[in-house]
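Let's take a walk through this structure together, one region at a time. Keep the 3D view open as you read.

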Amino acid sequence: MQHYKWFGKELIRELKKVRREALRGIGGIVKKSAKQLCPIGKIKRTGGKYWKERKPGSLQRSIRYKVMRGGHKVQIIAGNKKVFYARFVEIGTNKTSPKSFLRPAIEMNKTRIMAEFKNRL
Amino acid sequence: MEDLFKSIYDECGSGTDLYIAINGRLFLSEAPQGTEFPYCVFFLVSGVPIYDLNENIPVEDCLIQFNVYSDKNGAGEVTNIYEKLIALYDWCTLTIAHYDHISMNREGQMLMKDEDNRWQYSATYRVLIEKT
């Protein structure tokens with residue numbers, strides 16, 4: 001009688017690792033593209049309340065990605081507590097016209113994203 | 001792209017509910033200074049060509065966003081206009097010069113207050129058009 005050893009757990013662990021790496025790769029592609037598309041202001045304002053401070057390039061520097069727990073999806077994030085205006089730049093307001101950078105970064109890299117996923121998996 | 005913008009503008013003709021609700025104040029990219037509320041702005045978020053094997057560009061994949069603005073305290077007005085907007089543009093068939101329209105489907109929506117505490121309703125549409 002032949003005996004087979006089942007490596008299911010190891011296989012699943014390895015697949016999850018590869019998937020996580022693929023998502024990291026995708027996140028890196030979109031992050032790089034979004035940083036290129038992100039507008040950079042000219043006004044520098046310091047002092048006063050933290051939400052009134054402005055440093056050119058702070059929105060660009062705030063762009064990052066995060067592979068979600070479980071490794072099923074990756075989030076591209078722009079803005080933080082100080083850079084609260086990321087959504088105003090992306091979506092626009094009644095005073096400022098939008099300068100979208102996140103959605104174009106995803107749209108422009110769709111083929112690269114698919115290729116990255118195929119290559120890794 | 002100019003043809004696409006023109007067709008979107010033409011779709012909101014003078015007889016439509018949306019036109020009446022916003023009193024014809026539909027603008028491309030940005031509204032003129034001092035425009036009365038409510039009004040609507042649409043703009044191109046991204047436009048990606050889809051190449052065929054001959055490296056022609058038969059299909060353009062465009063993301064168009066509509067922003068509806070209202071200065072009322074409640075969100076009633078802005079949601080009412082939004083309902084009219086989606087009634088007009090969801091799965092509508094645009095007549096575009098030099099292009100065949102394939103589809104126009106809504107991909108997302110967002111209701112928020114902007115920096116001036118005014119209501120803003122955003123809707124994003126994916127428009128697929130094919131060069132004739």
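Start where the two chains meet: 13 residues of chain A and 15 residues of chain B make up the contact. Keep in mind that this is a predicted model. On the chain A side, helix 3 (86-91) and helix 4 (102-108) each give at least two residues to the surface that touches chain B. Helix 4 of chain A has the largest share of that side, with four residues. What kinds of residues are they? The side of chain A that touches chain B splits into five nonpolar, five polar and three charged residues.

Now stay in chain A and find two helices that pack against each other. Helix 1 (residues 8-37) and helix 5 (residues 110-120) of chain A have axes 9 Å apart, at an angle of about 155°. Angles over 145 degrees count as roughly antiparallel, so helix 1 of chain A is roughly antiparallel to helix 5 of chain A. The crossing of helix 1 of chain A with helix 5 of chain A is right-handed. Helix 1 of chain A brings V18(A), E21(A), A22(A), G25(A), I26(A) and I29(A) to this contact, while helix 5 of chain A brings R112(A), I113(A), E116(A), F117(A) and R120(A). Sorted by type, the residues in the contact between these helices are six nonpolar, one polar and four charged.

Next, hop over to the largest nonpolar core, which has 32 residues. Which of its members touch the most others? Look for C40(B), I64(B), V68(B), Y82(B) and L85(B). Plenty of chain B joins in: helix 1 (2-11), helix 2 (17-22), strand 2 (39-50), strand 3 (59-70), helix 3, strand 4 and strand 5 (119-131) of chain B each give two or more residues to this core. Strand 5 of chain B supplies the largest share, six residues. Zoom in on Y82(B) and, leaving out residues up to four places away in sequence, you'll find that Y82(B) touches V68(B), Y121(B) and A123(B). Apart from this core lies another one, of 15 residues, including C38(A), A78(A), F101(A) and L102(A).

Finish with a single residue, T93(B), in the loop between helix 3 (76-89) and strand 4 (99-113) of chain B. Is T93(B) buried or exposed? A residue with 12 or fewer neighbours within 10 Å counts as exposed, and T93(B) has 11 C-beta neighbours inside 10 Å, so T93(B) is exposed. Now look for S7(B): T93(B) and S7(B) are 86 residues apart in sequence, yet their C-alpha atoms are 9.8 Å apart in space.

Key: Residues are numbered from 1 along each chain as its sequence is written. Chains are lettered from A and ligands numbered from 1 in the order in which they are written. This is a predicted model: local features need pLDDT of at least 70, side-chain atom pairs count only at pLDDT 80 or more; totals for chains, interfaces and linings use all residues. Two residues are in contact if their C-beta atoms, placed from the backbone, lie within 7 Å. Ala, Val, Leu, Ile, Met, Phe, Trp, Tyr, Cys and Pro count as nonpolar, Asp, Glu, Lys and Arg as charged, and the others, Gly among them, as polar. Axes are lines fitted to C-alpha atoms, for helices over the stretch in contact, and angles run from 0 to 180 degrees between N-to-C directions. Angles under 35 degrees count as roughly parallel, over 145 as roughly antiparallel, 65 to 115 as roughly perpendicular and the rest as oblique. A crossing is left-handed if the near helix is turned anticlockwise from the far one by less than a right angle, and right-handed if clockwise. A residue is buried if 20 or more other C-beta atoms lie within 10 Å of its own, exposed if 12 or fewer, and partly exposed in between; C-beta atoms are placed from the backbone. A nonpolar core is a set of buried Ala, Val, Leu, Ile, Met, Phe, Trp, Tyr and Cys residues joined through C-beta atoms within 7 Å.
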